[in-house]
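Here is a small set of exercises to work through with the viewer open. Try each task yourself before you read its solution.

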Amino acid sequence: MARVMVVGGGIGGLASAARLAKIGHEDTVLEARPKLGGALGYVEADGFRWDSGPTSTLLPAVIRDFFRKSGRAAEKEIDLVPVEPIQQHRFPDDTVLDLPGGSRAAQLEAVESSLGSGAGARWVSYVDDFGEVWEALRKDYFERLWSPEHASKEANQLLDSRFTLHKLVEKEFKDARLRALAMHRATFDGHEPRNVPAWFGMWSYVEQNFGSWTIPGGMGQLVDVLASRLATRGVTAITETEALDLIVENEAVRGVRTLTGEYAADAVVVAVDPRRLPALAKLVERTMPVIPPVIAHVGLSGEVPELPAEVVLHGKPRRDPTLVVRTTGTAPEGMHAWTILGRGALAEDIVTALARRGIRVHKQVETRVDYSPRDLVADWNGSPQGVLWQGRGTIRNRIGTVAPIRGVYLAGAHTTPGAGLPSVGLSAALVAQAIGPA
């Protein structure tokens, strides 16, 4: 049995701790904030409640696998349900696309019907091309510790390619709406598509084939279930205790230093931005964190437009901001809880910007909670969006699952395989692989 310190009580840290405890290790989680969960949780005000982070997830199998590998089937603890449509996309020319998930045929029909003759065929052809990409990277990068020597030729070529998402999409589509659709995930995650590898487009394939899923009542419930799982497994969680640095002797980790003392450890899982720990900061000097979006959680009264769970309002490229409205918060009877997110050239209040785009609820706002990107980084002690794509060197410049310091491992958005709830969940599985059973 190894003594494992997990630095960071977000989803990556909690999932790592639960997996390691199941295979016999003695775990302690250190969290700087007063509560566990990181970006995953709730914001509450005046009887309204909003998810503080994602409101849905792709690859539900990642969540199911975590629950199974840490001791109890997901179906016995949470209710995962599909989101339909995955998103409603509204384009500058006033066309509207309700994009379904989990079905190639449904996407073909929806895109063809909304964007015109031939658009559906072009879209599904683009997505189909990522089938082999997903299989190659799933096997060697997302689900197994990365090793160039043992990975397939295809996986090595994909991760070393200079071909960018922007070049691919410009080549595939003349229709500006299809271009916006294909690059939405990258751009709204905070990246410049000219710096994002083309293989990143495989998330469109994942979305089409596996759908998007949520937990009724809010994804923040996942934190409560994880915390309960940790308690069942005998994991100690210490909040309001910030890790200041790793204790390293003879190129091996010996523990974690905090303001209140030192914690000895045989292994340390770092599930926070490694910049926060001087022992690791110098190893990621060539990377940058992603800047979070502007966010406004609003409580609304009266009748509001009937919208699906998530609406994307695309602006004119390089001129208008992109806005996303999520309508799944909980509210007092007769009221509504929405979250509005914005990226790009947002030069006015985000609710005013939303009204300018045709969704007018500014006169119905009863309460609101606003976060600037700076507020979010301060509140979360870092960016949950992970590492900014700066070309193919980004993978080499960030620290992978196994750090150069013996006994140090990384989980979360700032390591392999990347940001987003599915990738962060997979990062915990990779940590468990690397450390192995007690």
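The exercises below go through helices, sheets and one loop residue.

This is a predicted model, in which local features need pLDDT of at least 70 and side-chain atom pairs count only at pLDDT 80 or more, while totals for chains, interfaces and linings use all residues. Residues are numbered from 1 along each chain as its sequence is written, and side-chain values use heavy atoms, with hydrogens and water left out.

**Exercise 1. A helix and its cover**

Task: Work out how many residues of helix α1 are buried, and find what covers them.

Solution. Start with the element itself: helices (H or I, at least four residues) and strands (E, at least two) are DSSP runs, numbered from the N terminus. By that rule α1 spans residues 11-22, which makes 12 residues. Next, check its length. The expected span of a helix is 1.5 Å times one less than its number of residues. For α1 the expected value is 16 Å, and the helix reaches 17 Å from its first C-alpha to its last, which is close.

Now look at burial, where buried means under 20% relative accessible area, exposed over 50%, and partly exposed in between (1.4 Å probe, protein chains only). In α1, 11 of the 12 residues are buried, among them I11, L14, R19 and L20. Their cover includes strands β1 (3-7), β2 (26-30) and β14 (267-270), together with helices α2 (60-69), α10 (221-232) and α15 (421-435). Finally, step just past the end of α1: G24 takes a positive phi of about 105 degrees.

**Exercise 2. The parallel sheet**

Task: Give the strand order of the open sheet with five strands, and say which strands stand at its edges.

Solution. Two strands pair if DSSP finds at least two bridges between them. Tracing the pairs gives the order β10-β2-β1-β14-β20, with parallel pairing. At the edges stand β10 (236-238) and β20, each with a single partner strand, so one side of each has no neighbour in the sheet. From one strand to the next the twist averages 20 degrees.

For one pair in detail, take β1 and β2, which are joined in the parallel sense over five bridges. The bridge partner of M5 is T28 in β2.

Then add the helix: α15 lies across β14 and β20, running at about 155 degrees to β20. Such axes are lines fitted to C-alpha atoms, for helices over the stretch in contact, and angles run from 0 to 180 degrees between N-to-C directions. With 15 residues, α15 reaches 22 Å, close to the expected 21 Å. Of those 15 residues 13 are buried, so α15 is largely enclosed by the rest of the structure. G436 follows α15 and has a positive phi, near 80 degrees.

**Exercise 3. One strand, two partners**

Task: Find which residues stand opposite V298.

Solution. V298 stands opposite W338 in β18. It also stands opposite R368 in β19. Strand β15 (residues 294-301) is joined to β18 (residues 335-343) by eight bridges, running antiparallel. Six bridges join β15 to β19 (residues 365-371), again antiparallel. Seven of the eight residues of β15 are buried, so this strand is largely enclosed by the rest of the structure.

**Exercise 4. Two crossing helices**

Task: Describe how α4 and α9 cross, and name the residues that meet.

Solution. The axes of α4 (residues 119-128) and α9 (residues 202-210) come within 8 Å and cross at roughly 105 degrees. Angles under 35 degrees count as roughly parallel, over 145 as roughly antiparallel, 65 to 115 as roughly perpendicular and the rest as oblique. The two helices are therefore roughly perpendicular to each other. With contact taken as heavy atoms within 4.5 Å, W123, V124, Y126, V127 and D128 in α4 meet S204, Y205 and Q208 in α9.

**Exercise 5. A loop residue**

Task: Is R406 buried or exposed, and what does it touch?

Solution. R406 sits in the loop between α14 (393-397) and β20 (408-410). Its relative accessible area is 53%, so R406 is exposed. Leaving aside neighbours within four places in sequence, R406 is in contact with N250, E251, A252 and V253.
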